[in-house]
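Welcome to a short set of exercises on reading a protein model. Keep the structure open beside you and try each task before you look at its solution.

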Amino acid sequence: MSVLVNKDSKIIVQGFTGSEGTFHAEQMIEYGTNVVGGVTPGKGGQEHLGKPVFNTVEEAVNKVGADTSIIFVPPAFAADAIMEAASAGIKVIITITEGIPVADMVKANDYIKDMDCTLVGPNCPGVITPGEAKVGIMPGFVFKKGNVGIVSKSGTLTYEAADQVVRQGLGITTAIGIGGDPIIGTTTKEALELLINDPETECVVMIGEIGGQLEGDAAKWYKESGSKKPIVGFIAGETAPAGRTMGHAGAIVGGSDDTAQAKKRIMRECGIHVVDSPAEIGLKVKAVVG
């Protein structure tokens with residue numbers, strides 16, 4: 001099984017004909033992802049990268065059955081793109097765009113909260129189910145299929161964790177990059193819950209950062225769930241001066257529990273196997289998976 005995206009996902013690219021959309025759509029298609037078209041207002045009826053271009057998401061849903069969207073729309077228009085995708089019936093909305101105004105994201109999150117859709121991001125690397133679908137900007141060759149799930153705030157640490165796991169002869173079910181903006185869709189807890197509930201995922205790597213309480217919330221949920229699936233956790237930013245946050249705008253200082261040491265303590269108390277550096281992730285996963 002997989003989480004959020006798989007070989008049957010029908011994916012469209014919003015911002016399809018722009019430079020970023022073109023570059024990454026090409027990489028996704030080359031990977032084997034089922035990209036069924038894209039959306040660029042005013043360019044409907046054209047063809048791009050061998051795929052149809054539509055003026056609206058609704059048109060893409062009606063004509064090619066799109067159910068998943070990846071958004072490369074400029075920040076000023078990205079929140080509107082999210083709301084358009086949700087209202088058209090898209091089930092999984094993955095937003096790569098960085099720098100969306102916070103007020104816009106508050107509006108978009110409120111708009112979609114009661115809709116039957118899942119938002120990942122914004123300011124995220126996307127989601128990959130190795131060998132099936134790469135819906136994002138991650139280097140696909142790093143990820144091999146297996147039984148370890150990844151949830152991470154950081155794009156580069158997502159790739160590092162996958163590489164460490166693969167080096168141990170293991171592989172990935174699905175990796176979810178949740179993004180680091182102040183207002184995001186899927187939280188660490190929600191992504192963790194998806195992976196814990198996936199029958200093929202035997203272990204989860206959870207990567208967080210100093211600032212905020214997302215990892216603490218996820219750890220407490222894990223303890224309360226009673227799940228026996230092991231989690232390997234890592235918190236980036238331990239050497240940062242007190243009061244600092246990571247480069248992601250979403251890593252907001254939230255009190256005494258948002259330091260690396262505090263987060264690691266909470267995670268350990270909740271039964272998570274915490275490592276002190278990314279280089280230890282693969283070895284620890286191998287040890288707990290057996």
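A residue is called buried when its relative accessible area is under 20%, exposed when that area is over 50%, and partly exposed in between. Please remember throughout that this model is predicted.

**Exercise 1. Unusual backbone angles**

Task: Find where Leu 49 sits, and decide whether Leu 49 is buried, partly exposed or exposed. Then do likewise for Asn 123.

Solution:
- Step 1. Start with what is usual: most residues other than glycine have a negative phi, and most peptide bonds are trans.
- Step 2. Leu 49 is not a glycine, yet its phi is positive, at about 55°.
- Step 3. Leu 49 belongs to the loop that links strand S3 (47–48) with strand S4 (51–54).
- Step 4. The relative accessible area of Leu 49 is 30%, so Leu 49 is partly exposed.
- Step 5. Asn 123, also not a glycine, has a positive phi of about 55°, and is part of the loop between S7 and S8.
- Step 6. Asn 123 has a relative accessible area of 14%, so Asn 123 is buried.
- Step 7. Look at the loop between strand S7 (118–120) and strand S8 (126–129) once more, where you will find Pro 122. The peptide bond between Gly 121 and Pro 122 is cis, with omega at about 10°.

**Exercise 2. The sheet that runs from S3 to S7**

Task: What is the strand order of the open sheet that contains S3 and S7, and which strands stand at its edges?

Solution:
- Step 1. Trace the seven strands across the sheet: the order is S3-S4-S2-S1-S5-S6-S7, and the pairing is mixed.
- Step 2. S3 and S7 each have a single partner strand, so these two stand at the edges, with one side of each lacking a neighbour in the sheet.
- Step 3. Add the helix: H2 (residues 57–64) packs on this sheet and touches strand S1 (11–14), strand S2 (35–39) and S4. The direction of H2 makes about 140° with that of S4.
- Step 4. Check the pairing of S3 with S4: they run antiparallel and are joined by two bridges. Here His 48 is opposite Lys 51 in S4.
- Step 5. Compare this with strand S5 (residues 68–71) and S6, which pair in the parallel sense over four bridges. Ser 69 has Ile 93 in S6 as its bridge partner.
- Step 6. Now think about side chains: in a regular strand they alternate between the two faces of the sheet. In S6, Val 92 and Ile 94 point one way, Ile 93 and Thr 95 point the other way, and all are buried.

**Exercise 3. A second sheet**

Task: Which strands form the edges of the sheet that includes S8 and S11?

Solution:
- Step 1. Write down the order of this open sheet of seven strands: S9-S8-S11-S10-S12-S13-S14, with mixed pairing.
- Step 2. Strand S9 (133–136) and strand S14 (273–274) each pair on one side only, and these are the edge strands.
- Step 3. Place the helix: H8 (residues 260–269) packs on the sheet, in touch with strand S12 (203–209), strand S13 (231–236) and S14. Its direction is at about 170° to that of S13.
- Step 4. Zoom in on strand S10 (residues 145–152) and strand S11 (residues 172–177), a parallel pair with five bridges. Ile 150 faces Ala 175 in S11.

**Exercise 4. Two packed helices**

Task: What angle and axis distance describe the packing of H6 and H7, and which residues make the contact?

Solution:
- Step 1. Two packed helices are described by the angle between their axes and the distance between the axes.
- Step 2. For helix H6 (residues 188–196) and helix H7 (residues 214–225), the angle is about 35° and the axes are 8 Å apart.
- Step 3. Give the handedness: H6 and H7 cross in a right-handed way.
- Step 4. List the contact residues. H6 contributes Thr 188, Lys 189, Leu 192, Glu 193 and Ile 196, while H7 contributes Leu 214, Asp 217, Ala 218, Trp 221 and Tyr 222.
- Step 5. Sort them by class: six are nonpolar, one is polar and three are charged.

**Exercise 5. Annotated sites**

Task: Is Ser 19 buried or exposed?

Solution:
- Step 1. An unreviewed UniProt entry annotates a "binding site" that includes Ser 19 and Glu 98.
- Step 2. Ser 19 is in helix H1 (residues 19–31). Its relative accessible area is 64%, so Ser 19 is exposed.
- Step 3. Glu 98, in the loop between strand S6 (92–95) and helix H4 (102–112), is exposed as well, at 57% relative accessibility.

Key: Residues are numbered from 1 along each chain as its sequence is written. This is a predicted model: local features need pLDDT of at least 70, side-chain atom pairs count only at pLDDT 80 or more; totals for chains, interfaces and linings use all residues. Side-chain values use heavy atoms; hydrogens and water are left out. Axes are lines fitted to C-alpha atoms, for helices over the stretch in contact, and angles run from 0 to 180 degrees between N-to-C directions. A crossing is left-handed if the near helix is turned anticlockwise from the far one by less than a right angle, and right-handed if clockwise. Contact means heavy atoms within 4.5 Å. Ala, Val, Leu, Ile, Met, Phe, Trp, Tyr, Cys and Pro count as nonpolar, Asp, Glu, Lys and Arg as charged, and the others, Gly among them, as polar. Buried means under 20% relative accessible area, exposed over 50%, partly exposed in between (1.4 Å probe, protein chains only). Two strands pair if DSSP finds at least two bridges between them. UniProt positions are given in the numbering used here, feature names are shortened, and annotations may be inferred rather than shown by experiment.
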